[in-house]
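The paragraphs that follow walk through one protein chain, from its overall make-up down to a few chosen residues. Please keep the sequence and the model at hand while reading.

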Amino acid sequence: MIKPTTDTIKKGIGYWWLYLLTGLVLVGIGIWVFISPAEAYVSLSIIFAWGMLITGMLETAFSISARKLIDGWGWTLAGGILDVVIGTYLLSYPLVTMQVLPFILGFWLLFRGFSAIGLSLHIKSLTKNWGWLLLLGIFISFFGFMILIFPAIGVLNIILWTALSFIAAGIFRIVLAFKLKKIAT
């Protein structure tokens with residue numbers, strides 16, 4: 001994996017608002033799952049698919065917008081495209097998705113958590129209190145790991161871990177967006 005340098009991260013900071021939008025979408029999905037637990041599992045495959053599709057589009061837009069400014073932008077593009085492809089697949093086959101949702105969700109969250117950890121380590125020289133971003137990345141990874149380990153405990157467990165995971169992933173992106181905005185000014 002190509003590690004972005006401090007200079008390349010600084011060049012892409014102007015697109016901080018795309019991380020903010022992505023974070024707001026993820027937090028909104030997490031809150032909805034908490035508010036509607038009975039309907040959540042039935043529709044979780046559709047909500048999850050839309051969430052992946054939308055965040056994939058936003059991440060793809062960010063990587064394309066910043067491609068001339070950031071070395072290694074292809075990794076961000078690949079992650080965004082992967083989310084778009086998986087989100088599209090999940091929307092196409094919701095019944096199958098309900099059966100394998102814990103595994104898809106767990107692996108996706110692990111990928112996102114590890115990405116968040118890596119990004120937080122890359123920007124630590126640019127901002128104070130970067131440890132909060134690292135902690136949120138660890139939480140995202142933890143939630144993904146818990147979903148993979150305990151998928152059979154029941155619908156409530158999946159709903160709880162899913163809601164917490166989406167909220168943690170959203171908060172990570174919102175905090176990151178404001179840190180990038182502060183660096184840009």
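**From the whole chain to single residues**

Of the 185 residues of the chain, 46% count as buried, and this figure, like every other value given below, is computed from a predicted model. The accessible surface of the chain amounts to about 9,200 Å², and carbon and sulfur atoms make up 75% of that area.

As for secondary structure, the chain has 7 helices and 0 strands, so that reading from the N terminus the order of elements is α-α-α-α-α-α-α. The radius of gyration is 16 Å, close to the 16 Å that the globule rule gives for 185 residues, and the chain is therefore as compact as a globular protein of that length. Along the principal axes, the C-alpha atoms fill a box of roughly 45 × 30 × 25 Å. Among the contacts in the chain with a separation of 6 or more, 80% are between residues 24 or more positions apart. The chain carries 12 positive and 5 negative charges, and the mean positions of these two sets lie 11 Å apart.

Helix H6 deserves a closer look. This helix covers residues 131–149, which is 19 residues, and the distance from its first C-alpha to its last is 26 Å, close to the 27 Å expected at 1.5 Å a residue. Which residues of H6 are buried? They are Leu133, Leu136, Gly137, Ile140, Ser141, Phe143, Gly144, Met146, Ile147 and Leu148. When reading such a list, it helps to recall that an α-helix has 3.6 residues a turn, so residues three or four places apart point the same way.

Within helix H6, glycine 144 can serve as an example, and it counts as buried because its relative accessibility is 0%, where the cut-off for buried is under 20%. Leaving out residues up to four places away in sequence, glycine 144 touches Gly106, Leu109, Leu110 and Ser165. From glycine 144 to threonine 185 the separation is 41 residues in sequence and 35 Å in space, C-alpha to C-alpha.

Another residue of H6, Ile140, is buried and leads on to helix H7 (residues 155–184), where alanine 169 is placed. Alanine 169 is in contact with Ile140 and also with Leu26, once its neighbours within four places in sequence are set aside. With a relative accessibility of 3%, alanine 169 counts as buried. The C-alpha atoms of alanine 169 and serine 92 are separated by 24 Å, while the two residues are 77 residues apart along the chain.

Is asparagine 129, in contrast to these helix residues, buried or exposed? This residue has its place in the loop between helix H5 (94–122) and H6, and because its relative accessibility is 52% it counts as exposed. The backbone of asparagine 129 also merits attention, since its phi is near 55 degrees, a positive value in a residue other than glycine.

The last residue on this route is threonine 60, which lies in helix H3 (residues 37–65). At 14% relative accessibility threonine 60 counts as buried, given that the cut-off is under 20%. Not counting residues up to four places away in sequence, threonine 60 touches Leu77, Gly80, Ile81 and Val84.

Terms used
Residues numbered from 1 in each chain as written. Predicted model: local features only at pLDDT ≥ 70, side-chain atom pairs only at ≥ 80, totals over all residues. Heavy atoms only, no water. Helix = DSSP H or I, 4+ residues; strand = E, 2+ residues; numbered from the N terminus. Expected span 1.5 Å × (residues − 1). Buried < 20%, exposed > 50% of the residue type's maximum accessible area, 1.4 Å probe, protein only. Rg over C-alpha atoms; globule rule 2.2 N^0.38 Å. Contact = heavy atoms within 4.5 Å. Areas by Shrake-Rupley, 256 points an atom, 1.4 Å probe, with all protein chains shown as cover. Lys, Arg positive; Asp, Glu negative; His and termini not counted. Charge placed at Lys NZ, Arg CZ, Asp CG, Glu CD.
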